[in-house]
Amino acid sequence: MIKNRLAVLMAEKEIKSVSELHRMIQNKGMTISRRTLDKFYNNQNNNISYDTLETLCIILDCELHDLLILQK
């Protein structure tokens, strides 16, 4: 199963909420819906677009392997 580390990365970057992350994304002229962010944050989605992953990596200044992990 693939899990994400969004909450961990947000804590490391001192981003206190999904709302704050959403504002950061919008301020950079990028888009991810709030619902998509909520679902991703809570590991409740079964699929996610490459565009969303790219945006998160840009905003969080991380690599894809920092954001996603494979749990066995």
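In which helix is His22 found? His22 is found in helix H2, and the legends below place this residue and several others within a predicted model.

**Figure 1. Overview of the predicted chain, with 5 helices and 2 strands.** From the N terminus on, the elements follow the order β-α-α-α-α-α-β. A compact globule of 72 residues would have a radius of gyration near 11 Å, and the value of 11 Å for the chain therefore agrees with that expectation. Along the principal axes, the C-alpha atoms fill a box of roughly 35 × 25 × 20 Å. Of the 72 residues, 29% are buried. Among contacts with a separation of 6 or more, 56% join residues 24 or more positions apart. The chain exposes about 5100 Å², of which carbon and sulfur atoms supply 47%. Its charged side chains comprise 10 positive and 9 negative ones, and the centres of these two sets lie 7 Å apart.

**Figure 2. Close-up of strand E1 at Ile2.** Strand E1 spans residues 2-4 and includes Ile2. Ile2 counts as exposed because its relative accessibility is 59%, a value over the 50% cut-off. Beyond its neighbours within four places in sequence, Ile2 is in contact with Leu68, Ile69 and Leu70. Strand E2 covers residues 68-70. Leu60 lies 58 residues from Ile2 in sequence, and the C-alpha atoms of the two are 19 Å apart in space.

**Figure 3. Close-up of helix H2 and its buried residues.** Helix H2 comprises residues 18-27, and its buried residues are Val18, Leu21, His22 and Ile25. These residues lie on the same side of H2 because they cover an arc of only 100 degrees around the axis. They pack against three other helices, namely H1 (6-12), H3 (34-41) and H4 (50-60). Just after H2, Gly29 adopts a positive phi of about 75 degrees.

**Figure 4. Close-up of His22 in helix H2.** Is His22 buried or exposed? His22 has a relative accessibility of 15% and therefore counts as buried, since the cut-off for a buried residue is under 20%. Apart from neighbours within four places in sequence, the residues in contact with His22 are Ile32, Ser33, Arg34 and Leu37.

**Figure 5. Close-up of helix H4 and the elements packed against it.** Seven names make up the buried set of H4: Thr52, Leu53, Thr55, Leu56, Cys57, Ile59 and Leu60. The partners against which these buried residues pack are H1, H2, H3, helix H5 (64-67) and strand E2 (68-70). Just after H4, Asp61 takes a positive phi of about 50 degrees.

**Figure 6. Close-up of Thr55 in helix H4.** With a relative accessibility of 9%, Thr55 counts as buried. Which residues does Thr55 contact, leaving aside its neighbours within four places in sequence? Thr55 is in contact with Ile25, Met30 and Ile32. Ile25 is itself one of the buried residues of H2, and Ile32 is also among the contacts of His22.

**Figure 7. Close-up of Glu12 and Leu60.** Glu12 belongs to helix H1 and is exposed, with a relative accessible area of 52%. Leu60, by contrast, is among the buried residues of H4. Although 48 residues separate Glu12 and Leu60 along the chain, their C-alpha atoms are 9.6 Å apart.

**Figure 8. Close-up of two loop residues with positive phi, Glu14 and Asn43.** Most residues other than glycine have a negative phi. Glu14, which is not a glycine, has a positive phi of about 60 degrees. Glu14 occupies the loop between H1 and H2, and its relative accessibility of 61% makes it exposed. Asn43, likewise a residue other than glycine, has a positive phi near 55 degrees. Asn43 is placed in the loop between H3 and H4 and, at 30% relative accessibility, counts as partly exposed.

Technical notes. Residues numbered from 1 in each chain as written. Predicted model: local features only at pLDDT ≥ 70, side-chain atom pairs only at ≥ 80, totals over all residues. Heavy atoms only, no water. Helix = DSSP H or I, 4+ residues; strand = E, 2+ residues; numbered from the N terminus. Buried < 20%, exposed > 50% of the residue type's maximum accessible area, 1.4 Å probe, protein only. Contact = heavy atoms within 4.5 Å. Arc of directions from axis to C-beta. Rg over C-alpha atoms; globule rule 2.2 N^0.38 Å. Areas by Shrake-Rupley, 256 points an atom, 1.4 Å probe, with all protein chains shown as cover. Lys, Arg positive; Asp, Glu negative; His and termini not counted. Charge placed at Lys NZ, Arg CZ, Asp CG, Glu CD.
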